[in-house]
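Student: I should like to examine how structural labels are justified by numerical cut-offs. May we go through them one at a time?

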Amino acid sequence: MTALIVILSIVAALTLLLCIKVSIVLDYNVKFSASIKWLFIRYDLYPPRKPKQEKPAEENSVKKTESAKPAPEKVKEKKQKSSALGDFYHNQGLQGIIDLASRTLRILNSFFGRVLRSVTVEHFKVDIAVCGADAAETAIKYGKTCAAVFPLADFICANMRVKKLELKVEPDFIDSAQHQIFYLSAHVRPLRVIAAVIAAALALLFKVLARLFLGARRKQGSENKQTHLKGA
């Protein structure tokens, strides 16, 4: 009974830890920075932290390691074995491969959709003033910037939960206040991502891999029946 209580308490503690959100912040204002945070742990993705300088190893230790290296063994030639995918293609043809690929794509699409829906965007801000050498160049840059910014914002709003959204892209024909600001603060709970991974793994196992191995063995069984009939 005590062992069961200990196991349940460990599972409950892990579940609570996985429910704590992981936050990520992307910030660009003259310089770009990216960081990720979970509980009291923070890690800077960019700019990366400078690695500690290691002391140079002694020459004697290098010589010892070189002498301690084992002599290269002769690589044994392995017989080529038939793969399950090759057998499946031999048995089911191109139509079977297309069916497997479509099943895999549907599962991956569902997986990425679940992961994106589990992300909550706390604040998404874009503030850009576009300017060029003249009015024509400014207009061209403004169009390209809008073509990049607004589809991204539409994708984020359509697939994630957004709490605060600020979008401002304007041409600056006077070249008085040129600036580019990008800020994204979001969080996700690891438990929801793990649930999506488990669901995708089970779907791949039963809908793709099971069909792959069954399709690879089907022709072998029929060939065995044909040989028995010929022998009879």
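Tutor: Glu-166 is a suitable start: its relative accessible area is 30%, and it is classed as partly exposed. The model is a predicted one, in which local features need pLDDT of at least 70 and side-chain atom pairs count only at pLDDT 80 or more, while totals for chains, interfaces and linings use all residues. Residues are numbered from 1 along each chain as its sequence is written, and side-chain values use heavy atoms, with hydrogens and water left out.

Student: Why is Glu-166 called partly exposed?

Tutor: Buried means under 20% relative accessible area and exposed means over 50%, with partly exposed in between (1.4 Å probe, protein chains only). Glu-166 has 30%, so it belongs to the partly exposed class.

Student: What makes the contact of Glu-166 with Lys-164 a salt bridge?

Tutor: The term requires a side-chain nitrogen of Lys or Arg within 4 Å of a carboxyl oxygen of Asp or Glu. The N to O value for Glu-166 and Lys-164 is 3.8 Å, so the pair qualifies. Lys-164, at 44% relative accessibility, is likewise partly exposed.

Student: How do you know that Lys-168 forms a salt bridge with Glu-170?

Tutor: The closest N and O atoms of Lys-168 and Glu-170 are 4.0 Å apart, and the rule accepts this pair as a salt bridge. Lys-168 is partly exposed at 41%, and Glu-170 is partly exposed at 33%.

Student: Why can such side chains pair at all?

Tutor: Side chains of opposite charge can do so when their charged atoms come close.

Student: How many salt bridges does the rule give, and which parts does the one between Arg-211 and Asp-99 tie together?

Tutor: The count is 7 salt bridges. In the case of Arg-211 and Asp-99, the closest N and O atoms are 2.9 Å apart. Arg-211 lies in helix H5 (residues 190–231) and Asp-99 in helix H3, so the salt bridge ties together parts 112 residues apart in sequence. Helices here are DSSP runs (H or I, at least four residues) and strands are DSSP runs (E, at least two), numbered from the N terminus. Arg-211 is partly exposed at 35%, as is Asp-99 at 23%.

Student: Where is Ser-118, and is it buried or exposed?

Tutor: Ser-118 sits in the loop between helix H3 (84–117) and strand E4 (119–130). Its relative accessible area is 4%, so Ser-118 is buried. Contact means heavy atoms within 4.5 Å; leaving aside residues up to four places away in sequence, Ser-118 touches His-187, Val-188, Arg-192 and Val-193.

Student: What makes Phe-32 and Tyr-46 a tilted aromatic pair?

Tutor: The rule yields 3 aromatic pairs. In one of them, the rings of Phe-32 and Tyr-46 lie 5.8 Å centre to centre, with 40° between the planes. Rings of Phe, Tyr and Trp (its six-membered ring) pair if their centres lie within 6.5 Å; planes under 30 degrees apart count as stacked, over 60 as edge-to-face and the rest as tilted. The pair therefore meets the distance limit, and its angle makes it tilted. Phe-32 belongs to strand E2 (residues 31–38) and Tyr-46 to strand E3 (residues 41–46), 14 residues apart.

Student: How many disulfides are there?

Tutor: A disulfide is a pair of cysteine sulfur atoms within 2.5 Å, and by this rule the count is 0. Cys-19 is partly exposed at 29%, and Cys-157 is partly exposed at 37%.
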